[in-house]
Amino acid sequence: MEGREISQAVIRRLPRYYRYLGELLENGVERISSNDLSKKMHVTASQIRQDLNNFGGFGQQGYGYNVKYLYTEIGKILGLEEDHDMVIIGAGNLGHALANYAAFEKRGFVLKGIFDVNPTLKGMTIRGVPIHMMDELEDFVKNNDIEIGILTIPKAKAIEVANQLVSYGVKAIWNFAHTDLNLPDDVIVENVHLSESLMRLSYNISRYKEEQKKSEK
Ligand SMILES: NC(=O)c1ccc[n+]([C@@H]2O[C@H](COP(=O)([O-])OP(=O)(O)OC[C@H]3O[C@@H](n4cnc5c(N)ncnc54)[C@H](O)[C@@H]3O)[C@@H](O)[C@H]2O)c1
């Protein structure tokens with residue numbers, strides 16, 4: 001499997017498989033057929049077989065998938081067997097919400113520090129994690145081998161701060177600021193735009209209403 005290219009479309013679907021398989025495990029389910037998984041996930045069985053065959057076909061004819069094995073393998077593919085140390089930049093509303101979400105740690109995403117420019121926040125902690133001022137960022141990132149920088153600052157400063165993080169050795173940015181960062185190709189960026197998700201929701205609501213109107217006619 002080492003070195004094999006898996007398409008980004010498949011990678012995007014993996015966290016959902018991981019979540020469903022985790023729930024099955026919690027419920028004591030040891031194996032599942034692609035048909036049963038398909039019904040649960042509302043994905044076609046052939047899509048599931050195609051996706052999971054990318055990793056050497058963990059399923060067996062007549063047996064289905066071994067839930068624990070598949071869960072572990074997908075976890076490995078997603079890099080979840082290793083810890084990822086992170087910092088949050090911007091201890092405002094969103095920064096607080098993310099810092100307070102303890103469940104990330106269960107997946108190995110460990111929040112080491114929080115940074116802000118607002119001096120009134122200095123020395124405060126969120127869930128035991130201290131808030132530092134930005135002049136401490138360089139030493140902190142280098143000394144703690146920080147891998148992921150989470151950007152929850154206004155967009156006007158996001159590009160500058162992202163470049164700073166990268167120059168200190170951060171490998172990946174989880175970007176919540178509403179701007180594209182245009183970083184070097186070897187920096188991994190995952191943009192999260194809740195408002196885009198809401199717009200998709202809004203689109204589907206409009207479509208649903210249209211359908212309703214048509215069916216009433
Ligand atoms: N992507 C999304 O889905 C999503 C959702 C909500 C908000 N946002 C964006 O996230 C950002 C934060 O939102 P919020 O509601 O938490 O805002 P907020 O004003 O509550 O917090 C922003 C924090 O960033 C700090 N800050 C400003 N400049 C900084 C700098 N150069 N370095 C370090 N810290 C700095 C501020 O002092 C403040 O504490 C905004 O850009 C907002 O538009 C994105």
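Trainee: In which loop is the place of glycine 92?

Mentor: This is a predicted model, and in it the neighbouring alanine 91 is also found in the loop between β3 and α5. UniProt, in an unreviewed entry, places the feature "binding site" at Gly90, Ala91, Gly92, Asn93, Leu94 and Gly95. The place of glycine 92 is in the loop between β3 and α5.

Trainee: Does glycine 92 count as buried, partly exposed or exposed?

Mentor: A residue is buried if 20 or more other C-beta atoms lie within 10 Å of its own, and exposed if 12 or fewer do. Glycine 92 has 14 C-beta neighbours inside 10 Å, so glycine 92 counts as partly exposed.

Trainee: And is alanine 91 buried or exposed, and which residues is alanine 91 in contact with?

Mentor: Alanine 91 has 23 C-beta neighbours inside 10 Å and therefore counts as buried. Leaving aside neighbours within four places in sequence, the residues in contact with alanine 91 are His96, Ile114, Asp116, Leu121, Ile126 and Ile131.

Trainee: In what order do the strands of the open sheet of 7 strands stand?

Mentor: The protein chain has 9 helices and 9 strands, and 7 strands form an open sheet with mixed pairing. β5 (125-126) and β9 (188-191) stand at the edges with a single partner strand each, so one side of each is left without a neighbour in the sheet. The order is β5-β6-β4-β3-β7-β8-β9.

Trainee: What is the bridge partner of isoleucine 114 in β6?

Mentor: Strand β6 (residues 129-133) pairs with β4 in the parallel sense, over 3 bridges. Within β6, the residue bridged to isoleucine 114 is isoleucine 131.

Trainee: Which residue in the hairpin of β5 and β6 takes a positive phi?

Mentor: β5 and β6 run antiparallel and are joined by 2 bridges, with isoleucine 126 having valine 129 as its bridge partner in β6. The hairpin has 2 residues between the strands, and the residue with a positive phi, near 50°, is arginine 127.

Trainee: Which residue in β8 stands opposite isoleucine 148?

Mentor: β7 is joined to strand β8 (residues 172-175) by 4 bridges, and the two run parallel. Opposite isoleucine 148, in β8, stands alanine 172.

Trainee: How many residues has the largest nonpolar core, and which element gives the most to this core?

Mentor: The largest nonpolar core has 27 residues, and those with the most contacts inside it are Val87, Ile88, Ile89, Ile150 and Leu151. At least two residues of this core come from each of β3 (84-89), α5 (93-100), β4 (109-116), α7 (137-143), β7 (148-151) and α8 (155-168). With 5 residues, the element that gives the most is α8.

Trainee: What does isoleucine 89 touch, not counting residues up to four places away in sequence?

Mentor: Isoleucine 89 is one of the residues with the most contacts inside the largest nonpolar core. Beyond four places in sequence, the residues touched by isoleucine 89 are Phe115, Gly149, Ile150, Leu151, Thr152, Ile153 and Val161.

Trainee: How many residues has the other core?

Mentor: This core lies apart from the largest one, and among its residues are Leu21, Ile48, Leu52 and Tyr71. The number of residues in this other core is 12.

Trainee: Why do the buried residues of α3 line one face of the helix?

Mentor: In helix α3 (residues 45-53), the residues Ile48, Asp51 and Leu52 are buried. Because the buried residues fall within a limited arc when seen down the axis of α3, they line one face, and that arc is 90°.

Trainee: What carries on around α3: which exposed residues are on the face turned away from its buried side?

Mentor: On the buried side, what covers the buried residues of α3 includes α1 (8-26) and α2 (34-41). The face turned away from that side carries the exposed residues Ser46, Gln50 and Asn53.

Trainee: How many Å apart do the C-alpha centres of domain 1 and domain 2 lie?

Mentor: The domain assignment gives domain 1 as residues 8-76 and domain 2 as residues 84-195. Between the C-alpha centres of domain 1 and domain 2 the distance is 32 Å.

Trainee: Is glycine 79 buried or exposed?

Mentor: The place of glycine 79 is in the loop between α4 (67-77) and β3. Glycine 79 has 9 other C-beta atoms within 10 Å, and therefore glycine 79 is exposed.

Conventions: Residues numbered from 1 in each chain as written. Predicted model: local features only at pLDDT ≥ 70, side-chain atom pairs only at ≥ 80, totals over all residues. Core = buried A, V, L, I, M, F, W, Y, C linked by C-beta atoms within 7 Å. Contact = placed C-beta atoms within 7 Å. Domains from an automatic or database assignment. Arc of directions from axis to C-beta. UniProt positions renumbered as here; feature names shortened; annotations may be inferred. Pairing = 2+ DSSP bridges.
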